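Me: I am new to this one. Show me the model, and I will ask how each label is earned.
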Amino acid sequence: MEVPLWFALLVVGYLGVKLTRPPAWLIAVLLLGGFLLADSVLGPALNALVK
């Protein structure tokens with residue numbers, strides 16, 4: 001069974017929010033911070049670090 005990555009991330013994110021109930025501001029900060037960090041000068045360095 002092959003599941004697309006975006007769908008798996010969506011399910012894991014939904015379950016994580018439902019089970020742990022983090023504050024909405026924390027979710028927004030993590031999403032926005034990750035988006036901005038990936039689009040910054042540090043993006044290639046983080047990519048190399050993750051790989």
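Reply: Start with a loop. Arg21 sits between helix H1 (5-20) and helix H2 (24-38). Keep in mind that this is a predicted model.

Me: Why does Arg21 count as exposed?
Reply: Its relative accessibility is 64%. Exposed means over 50%. Arg21 therefore counts as exposed.

Me: What is notable about the phi of Arg21?
Reply: Phi of Arg21 is near 50 degrees. That is a positive value, in a residue other than glycine. Most residues other than glycine have a negative phi.

Me: What elements does the protein chain have?
Reply: It has three helices and zero strands. From the N terminus on, the order is α-α-α.

Me: Why is the protein chain called more spread out than a compact globule?
Reply: Set two values side by side. The radius of gyration is 14 Å, and the globule rule gives 10 Å for 51 residues. The value is well over the rule, so the chain is more spread out than a compact globule. Along the principal axes, the C-alpha trace spans about 35 × 35 × 15 Å.

Me: How much of the protein chain counts as buried?
Reply: Of the 51 residues, 2% do. The cut-off for buried is under 20% relative accessible area. The chain exposes about 4,900 Å², and carbon and sulfur atoms supply 77% of that area.

Me: What makes Trp6 and Phe7 an edge-to-face aromatic pair?
Reply: A search of the whole structure finds one aromatic pair. Trp6 and Phe7 form it, at 5.9 Å centre to centre. Ring centres must lie within 6.5 Å, so the two rings pair. Their planes are 80 degrees apart. Over 60 counts as edge-to-face, so the name follows.

Me: Are Trp6 and Phe7 exposed or partly exposed?
Reply: Trp6 has 61% relative accessibility, so it counts as exposed. Phe7 has 40%, so it counts as partly exposed. Partly exposed lies between the 20% and 50% cut-offs.

Me: Which nonpolar patch do Trp6 and Phe7 belong to?
Reply: A surface patch that also includes Leu10, Tyr14 and Leu19, among others. Together its residues have about 1,100 Å² of accessible area. Leu10 lies in helix H1. At 53% relative accessibility, Leu10 counts as exposed, because the cut-off is over 50%.

Me: How confident is the predictor in the protein chain?
Reply: The average pLDDT is 88, and 100% of the residues score at least 70. Among the elements, H1 has the highest mean, 92. Helix H3 (residues 43-50) has the lowest, 82.

Definitions and conventions: Residues numbered from 1 in each chain as written. Predicted model: local features only at pLDDT ≥ 70, side-chain atom pairs only at ≥ 80, totals over all residues. Heavy atoms only, no water. Helix = DSSP H or I, 4+ residues; strand = E, 2+ residues; numbered from the N terminus. Buried < 20%, exposed > 50% of the residue type's maximum accessible area, 1.4 Å probe, protein only. pLDDT = per-residue confidence, 0-100. Rg over C-alpha atoms; globule rule 2.2 N^0.38 Å. Areas by Shrake-Rupley, 256 points an atom, 1.4 Å probe, with all protein chains shown as cover. Phe/Tyr/Trp six-rings, centres within 6.5 Å; stacked < 30°, edge-to-face > 60°. Patch = residues over 30% accessible without salt bridge, like charges linked within 9 Å, V, L, I, M, F, W, Y side chains within 5 Å. Salt bridge = Lys/Arg side-chain N within 4 Å of Asp/Glu carboxyl O.
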